[in-house]
Amino acid sequence: MVASIETTVKQWGDAQIRALGWQNIASENESVDPRIDETLKGNPSKLGGEGGGRPDYTVILSNGDKTIPAFIEYKGSKGKLEKLDKQELVVLRGDGGDFDYKGAISKYAVNGASYYAMNALKGTDYPEALAIGVNGTKDSTGIVTYEIKCYVLNQKDPELPIYLGSYSNFDFLKNNPTEKRYLFQKLADVQLDPRELEQRLIRDDAKIEAVLQELNQRIHDEQQIIPSQRINIVAGSLMAAVGVQDSKGDWKITRLNPSDLTGSMEEGNTDGEKILTKVRNFLKERDLPVPKQKQILDYLQPNFVNSNLNKKSVNEVQTPLKTIYQEIYDKLIPIYDVTGINDFTGKLFNVMNAWVDVPDGGANDVVLTPRYITNFMAQLAQVDQDSYVWDWALGSGGFLISAMNIMIGDAHVHYANDLTKQYEKIENIKTKQLLGVELLPNVYILAVLNMILMGDGSSNIVNENSLTSYEGKYAYNEDPFPADVFLLNPPYSAEGNGMIFVEKAFSKQKKGFGAVIIQDSAGSGKATEINKRILKNNKLKASIKMPIDLFKASVQTSIYLFEVGKPHKIDDNVYFIDLREDGYTRTNRKKAKTNLKNSNDAKGHYQEVLDIVLDRSKKTDYFTEDENYYKGTIDPESGKDWNYNKKIDTTPTEADFKKTVSDYLSWEVSQILKGENQDF
């Protein structure tokens, strides 16, 4: 085994750091800021032990406007600079969601420095921190090669180091005007880099999914709880564990601590009743309509109050409810706090759905549409701050959340100079401009929770049958919902692969756009009569063929974009686009912890399709007309010619003629040589 040269690396690094020109520097046994000392002391060491730990070196950097600490860790062995996951992001937690002290944080320079930087951000008011890993190796001739990698972490996502750069020495940290200006500008730039943000979102999704799978499996194995009950228990526990904070961060509804669940059998004081009381206060503080509060509590009551989960067996030290709640509190809440994932419960829904038997439906009837697809479809439908958006098969609410984010972002821009109007507009968006309909109760409760966690009052999420009883009205008054955007991933087992939902919704929507992602057999014969009826009052604008492995079960889907209220004429152009190669690489969804990798600028692919369909100037060239997209027409009286088919030009050219003649003459000569042509 080759001996580590960490001591040599430390001497080399320390000497350079002392020459950078910064006044506030500290080696492992010195101090640069008592607040940093205190927060590091209060957290486990790199090996996970008590008593905290200290980085090899700490430097306080400042450009006059911003002051940030830099934490530096040394290693001296081959391959010990950093450990990255499949998304090429720094590993801090393992697959189960716990900090990986033994396999990553203590073993690699960057990972250890990132751990210190993360803890410092969580315990102080520094806006950002640098994590710098340094490694050195010696070759057979005694020459030492040094490598340095630097990452930045911020208060918003303290567990997500963002790559800043690789260096051969510490000159990039020099305290002089030129280097400082470049460093602090780069710090700002990399945190807004679209590819970096996309990679972080993918990693967040993978992290949440891994924890949820473990939690779900444990509840199944240890508690033997049926799936529908399991979903309600997790949803209710999350509401009790999340709490409610005001704009200053002060608690209006405190989180229910697991220690408060004592297993009492006193009426009104059982573990389930304590959780339900916290849920009741949570819903009230979120300002949900009273009928909505009652409806949710009625759903949860049997699971938390009228349940044997409140009772301890003779061999148990706590109730099954407390065991489950403790798991949720310890595993999910830290991730919720750190990631701030928009569709947090969408991930929960997707994992739980694997255990749910959908009545009268197939495997694809209740699936989570990936967030990048819900965002893409909302953009295709041209959502803005004035849109009224509805989804008639809501699922976890992913489409409404994507639309809401776009709408709120537009309001921020539109009312940038009038914060009062901005606030009023955003409140109107959340309470009056979004509506979802969901039939299945256990799916409905997750959609409500999802929207609540996003800050919406969820007053317009309706638990009804879209195809029979729903009349297109607001949830708690008789006014028609003035929809002008329709977004949908329907149950494919419904009539016409689900196109019946589109027809019903468009009959109540007078204008705007609609986008549906659906099994594309709906556009080639499975929904012929429905499609013909749809085209009488709605124009097909685009047909986009999607990757076959987009969902958990491989199925060929397409996105159909419509302009509502305008009959489709026989000479109307339709964009047919092949997006099966979308820049993402997907792995086996049943086995992989991380099943999505941005391998070829996926965001650029989706943006270019938007530019094509919306007739905007393209910034990239992933799509070439007549190669992987084309403009074409459909027959409004057909209903089965909606899908992309690669165009093949069958018009013969002179080159084709010459090749045909040449091939024929070659054949003739071969026959003569063989003596098989009787004419010669």
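**Exercise 1. Find which residues Ile-544 touches, leaving out residues up to four places away in sequence.**

Step 1. Contact here means heavy atoms within 4.5 Å. With that cut-off, Ile-544 touches Phe-376, Leu-380, Thr-557, Ser-558, Ile-559, Ile-577, Leu-579, Val-609 and Val-613.

Step 2. Keep in mind what kind of model you are viewing: it is predicted, local features need pLDDT of at least 70, side-chain atom pairs count only at pLDDT 80 or more, and totals for chains, interfaces and linings use all residues. Residues are numbered from 1 along each chain as its sequence is written, and side-chain values use heavy atoms, with hydrogens and water left out.

Step 3. Now place Ile-544 in its surroundings. A nonpolar core is a set of buried Ala, Val, Leu, Ile, Met, Phe, Trp, Tyr and Cys residues joined through side-chain atoms within 4.5 Å; buried means under 20% relative accessible area, exposed over 50%, and partly exposed in between (1.4 Å probe, protein chains only). The largest nonpolar core has 131 residues, and Ile-544 is among those with the most contacts inside it, together with Leu-487, Met-499 and Phe-562.

Step 4. Another core, of 29 residues, lies apart from it and includes Leu-61, Tyr-146, Cys-150 and Phe-172.

**Exercise 2. Work out where the buried residues of helix α1 lie and what they pack against.**

Step 1. Helices (H or I, at least four residues) and strands (E, at least two) are DSSP runs, numbered from the N terminus. Helix α1 covers residues 6-18, and its end C-alpha atoms are 18 Å apart, which agrees with the span expected for 13 residues at 1.5 Å a residue. That expected span is 1.5 Å times one less than the number of residues.

Step 2. List the buried residues of α1: Val-9, Gly-13, Asp-14, Gln-16 and Ile-17. Seen down the axis of α1, they fall within an arc of 165°, so they line one face of the helix. The arc is that of the directions from the helix axis to the C-beta atoms.

Step 3. Turn to the face away from the buried side, and you meet the exposed residues Thr-7, Gln-11 and Arg-18.

Step 4. The buried residues of α1 pack against β2 (57-62), β3 (67-75), β4 (128-138) and β5 (144-154).

**Exercise 3. Describe how strand β13 is covered and joined to β12.**

Step 1. Strand β13 spans residues 513-519, and 6 of its 7 residues are buried.

Step 2. Strand β12 (residues 485-488) runs parallel to β13, and 4 bridges join them. Two strands pair if DSSP finds at least two bridges between them.

Step 3. For one bridge, take Phe-486: its partner in β13 is Gly-514.
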